[in-house]
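Colleague: I would like to go through the pockets and side-chain contacts of this protein. Please show me the structure before we start.

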Amino acid sequence: MKHIQTDQEHVKQMGRCHQIGDTLWLTMSGSGISFRFTGRYLEIPIRGGYVTEHGEPDGNYARVAVYANGVRILDEMIDSPRSRLTAVDGEEPATLEIELIKLSESAMSVIGVEPLNVGDGDEVVPLPPRAHLVEFIGDSITCGYGVDDEVVDHSFSTATEDVTRAYALHTARLLDVDYTLFSASGFGVISGYTDDPSRRLAEQCIPDYYHSVGFCRDRFPDGSSPTETRWDFSRLRPEAVVINLGTNDDSFCQDAEEKQREYMETYERFLGDVRQCNPQAELFCVLGLMGQRLCPWMERACENYRQHTGDGRVHTLRLPEQDGNIGYVVNYHPLERFHLAAAEALAPYIKNIMNW
């Protein structure tokens, strides 16, 4: 038995990852590792964060999947401080493309990938990067909230969250690009989701956390927090950035023009921040899958930004709205078929502008 480090020499790191010692910590939805494995035995040791040691009252532990040649072979909730995922255990050597993907979002829980355990003669090499990289910034829609549970009245659960069935990863697959996500359920631009429009959830705003490894209530074992850990933007250089924010703001803004205008102005400022962090990228601002009331204000924010800065590399698209007569998943979130419809609108739009 030998141990293979999960560093960039041996595996392809996907999304915002954070290295502590020999453990690679995954926070955001869609973060993970991929590599080509040749051999008979592969075990992936997983560490849980603070919540696995002290308990998560709602059971919202991290959900992770392992794929072999594109087929999901493991789907696990990481509810203990130490887990071991056996991905390959055969008598004859095999060559497989292995992916480990964090299906659930950063807000509730993190996982760490320790050095891989393989047979003495087995080999691990990173998969090559795809030609392009796209970043998706968003909320629960981007995270794949509730997509595995078609009972509207059920509550949020990381066990029913699957980013691979949401529009962002569908879009990435249609474009055949690598991806990185920065998303958190209930978050907006000026307010998180609220069931009382007179009450702003100012602590749930994506612009406040975009420079971090990820908003998270969990902690790493050394006591540090993803929320307090700065992200190094030089590590990932997306050529396109998709921003899908406003659905939760709408719960606060409603039809109040003063609030809608504040959303517009704050959105414009956030565009400037995203541009500063991603000077080389085309920016794609999208909205509308769960309602289109704020779409005109998002579009005005982008037009104002273009006029004020002269930056013409900002584009807008209204996503097709879900049809409630067909159905919903948890808390009126989109069925996978509507995620796919959004991706089928977004992917060719990006492809045309990027000339990919």
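Modeller: What follows is a set of questions and answers on pockets, salt bridges and aromatic contacts in this predicted model.

Colleague: How much space lies in the largest pocket, and which residues are closest to its centre?

Modeller: The space in the largest pocket is about 850 Å³. Its lining has 34 residues. Those closest to the centre are Lys12, Met14, Arg130, Asp178 and Tyr179.

Colleague: Which elements give two or more residues to the lining of the largest pocket?

Modeller: One helix is on the list, H3 (167-175). The strands on the list are S2 (12-14), S5 (32-48), S8 (82-102) and S13 (178-183).

Colleague: How many residues of that lining are nonpolar, polar and charged?

Modeller: Tyr and Met count as nonpolar here, and Lys, Arg and Asp as charged. On that basis the lining of the largest pocket divides into 16 nonpolar, 8 polar and 10 charged residues.

Colleague: Which residues lie nearest the centre of the second largest pocket?

Modeller: The second largest pocket holds about 570 Å³ of space. It is lined by 31 residues, which divide into 12 nonpolar, 14 polar and 5 charged. Nearest the centre lie Ser140, Tyr193, Asn248, Met290 and His333.

Colleague: Which helix gives the largest share of the lining of the second largest pocket?

Modeller: The largest share of this lining is 4 residues. They come from residues 247-253, which form helix H4.

Colleague: Turning to charges, what distance separates N and O in the salt bridge of Arg84 and Glu43?

Modeller: The whole structure has 23 salt bridges. In one of them the side chains of Arg84 and Glu43 meet, with N to O at 3.0 Å. Arg84 belongs to strand S8 and Glu43 to strand S5, so this bridge ties together parts 41 residues apart in sequence. The distance asked for, N to O, is 3.0 Å.

Colleague: Is Glu43 buried or exposed?

Modeller: Buried means under 20% relative accessible area, and exposed means over 50%. Its partner Arg84 has 54% relative accessibility and therefore counts as exposed. Glu43 has 11%, so Glu43 counts as buried.

Colleague: Where in the chain do Asp162 and Arg72 lie?

Modeller: The side chains of Asp162 and Arg72 form a salt bridge at 2.9 Å, N to O. The partners are 90 residues apart, and the pair links distant parts of the chain. Asp162 lies in the loop between helix H2 (140-143) and H3, and Arg72 in strand S7 (residues 71-78).

Colleague: Why does Arg72 count as partly exposed?

Modeller: Partly exposed covers the range between the limits for buried, under 20%, and exposed, over 50%. Asp162 counts as buried because its relative accessibility is 2%. Arg72 falls in the middle range because its relative accessibility is 29%.

Colleague: How many residues apart are Asp255 and Arg293?

Modeller: Asp255 and Arg293 form a salt bridge whose closest N and O atoms are 3.2 Å apart. Asp255 is in the loop between H4 and helix H5 (257-277), and Arg293 in the loop between strand S15 (282-287) and helix H6 (295-309). The two residues are 38 residues apart.

Colleague: Which residues do salt bridges with shared partners join into one network?

Modeller: Asp162 and Arg72, already described as a pair, both belong to this network. The full membership is Arg63, Arg72, Asp75, Asp148, Asp162, Arg165 and Glu336.

Colleague: On to the rings: what angle lies between the planes of Tyr145 and Phe156?

Modeller: The whole structure has 12 aromatic pairs. Tyr145 and Phe156 form a tilted one, 5.1 Å centre to centre. Both residues are buried. The angle between the planes is 45°.

Colleague: What kind of aromatic pair do Tyr210 and Phe270 form?

Modeller: The ring centres of Tyr210 and Phe270 are 5.7 Å apart, with 85° between the planes. Planes over 60 degrees apart count as edge-to-face. The pair is therefore edge-to-face.

Colleague: Which residues form one aromatic cluster?

Modeller: Tyr210 is buried at 0% relative accessibility, and Phe270 is buried at 2%. Both are in the cluster, whose members are Phe182, Tyr210, Phe233 and Phe270.

Colleague: Which charged residue sits over the ring of Tyr210?

Modeller: The charged end lies 5.0 Å from the centre of the Tyr210 ring. The residue is Arg16.

Terms used: Residues numbered from 1 in each chain as written. Predicted model: local features only at pLDDT ≥ 70, side-chain atom pairs only at ≥ 80, totals over all residues. Heavy atoms only, no water. 1 Å grid on protein atoms, 1.4 Å probe; cavity = no way out; pocket = protein on both sides within 12 Å on 5 of 7 lines; lining within 4 Å. Points joined across faces, edges and corners; volume = space filled by probe spheres on them. Salt bridge = Lys/Arg side-chain N within 4 Å of Asp/Glu carboxyl O. Buried < 20%, exposed > 50% of the residue type's maximum accessible area, 1.4 Å probe, protein only. Phe/Tyr/Trp six-rings, centres within 6.5 Å; stacked < 30°, edge-to-face > 60°. Lys NZ or Arg CZ within 6 Å of the ring centre and 35° of its normal.
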